[in-house]
Amino acid sequence: MLFTARGSKMITIFNRKEVITTYDVEEYANARDDLKEAGIEFKIRTKRTGYGSVSAGKGGSIGRGILPYQKHNGLEYTIYVKEEDYNRAVHIIHNKEGWK
């Protein structure tokens, strides 16, 4: 059995759970930073999905290069945590101050 330096089990495909999937770089960065601050171990998977597009909020695409910001850079970000940390991780991501 493999262990991390702290003695806990490593995150594998057998003990992980997806906590967030997003195309929004800012949402991904915020979730990642919140989990780091809370001390929750995580794994990140990125997947190229094609060309980037400008998003109109949480809705769909409204075209390429029309607005001055790029919400979707052509990558899908998925963050996984250990199954045992899943509920806490979801709470932290959706209630940033809730874990303190």
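**The core, the first helix and the salt bridges**

The largest nonpolar core of this chain has 14 residues, and those with the most contacts inside it are Val19, Leu35, Ile40 and Ile79. Two or more residues come to this core from each of the elements β1 (16-24), α1, β3 and α2 (86-94). In soluble globular proteins, nonpolar side chains tend to be buried together. The model described here is a predicted one.

Ile79 offers a way into the surroundings of this core. Leaving aside residues up to four places away in sequence, Ile79 touches Lys17, Glu18, Val19 and Ile20. The list of its contacts also includes Tyr28, Ala31, Arg32 and Leu35, as well as Phe42, Lys43 and Ile44. Two of these partners, Val19 and Leu35, are named with Ile79 among the residues that have the most contacts inside the core.

The overall plan of the chain can now be set out. The chain has 2 helices and 3 strands, and from the N terminus on these elements run β-α-β-β-α. Of its 100 residues, 32% count as buried. Among contacts with a separation of 6 or more, residues 24 or more positions apart account for 69%. The chain exposes about 6,700 Å², of which carbon and sulfur atoms supply 51%.

Helix α1 deserves a closer look. With 14 residues at 1.5 Å a residue, α1 should span 20 Å, and this agrees with its end C-alpha atoms because they are 20 Å apart. At the start of α1, a side-chain oxygen of Asp24 reaches to within 2.9 Å of the backbone nitrogen of Glu26. Just after the helix, Gly39 takes a positive phi of about 80°. The buried residues of α1 are Tyr28, Ala29, Ala31, Asp34, Leu35 and Ala38. Of these, Tyr28, Ala31 and Leu35 appear among the contacts of Ile79.

Asp34 is another of the buried residues of α1, a helix that covers residues 25-38. Its relative accessibility is 12%, so Asp34 counts as buried, the limit being under 20%. Not counting residues up to four places away in sequence, Asp34 touches Ile92, Ile93 and Lys96.

The charged side chains come next. A search of the whole structure finds 3 salt bridges. One of them joins Arg32 to Asp33, with the closest N and O atoms 3.2 Å apart. Asp33 has a relative accessibility of 35% and therefore counts as partly exposed.

In another salt bridge, the side chains of Glu41 and Lys82 meet at 3.4 Å, N to O. This pair links distant parts of the chain, 41 residues apart: Glu41 lies in the loop between α1 and β2 (42-48), whereas Lys82 lies in strand β3 (residues 72-82). Lys82 has a relative accessible area of 4% and is therefore buried.

A salt bridge also forms between the side chains of Arg45 and Glu76, again at 3.4 Å, N to O. Here too distant parts of the chain are linked, since Arg45 belongs to strand β2 and Glu76 to strand β3, 31 residues apart. The relative accessible area of Arg45 is 36%, so this residue is partly exposed. Glu76, at 13% relative accessibility, counts as buried.

Terms used: Residues are numbered from 1 along each chain as its sequence is written. This is a predicted model: local features need pLDDT of at least 70, side-chain atom pairs count only at pLDDT 80 or more; totals for chains, interfaces and linings use all residues. Side-chain values use heavy atoms; hydrogens and water are left out. Helices (H or I, at least four residues) and strands (E, at least two) are DSSP runs, numbered from the N terminus. Buried means under 20% relative accessible area, exposed over 50%, partly exposed in between (1.4 Å probe, protein chains only). Contact means heavy atoms within 4.5 Å. A salt bridge is a side-chain nitrogen of Lys or Arg within 4 Å of a carboxyl oxygen of Asp or Glu. Accessible areas come from the Shrake-Rupley method with a 1.4 Å probe; for residues, only the protein chains shown count as cover. The expected span of a helix is 1.5 Å times one less than its number of residues. A polar contact is a pair of N or O atoms within 3.5 Å; within protein, one must be able to donate a hydrogen and the other to accept it, and residues adjacent in sequence count only if both atoms are side-chain atoms. A nonpolar core is a set of buried Ala, Val, Leu, Ile, Met, Phe, Trp, Tyr and Cys residues joined through side-chain atoms within 4.5 Å.
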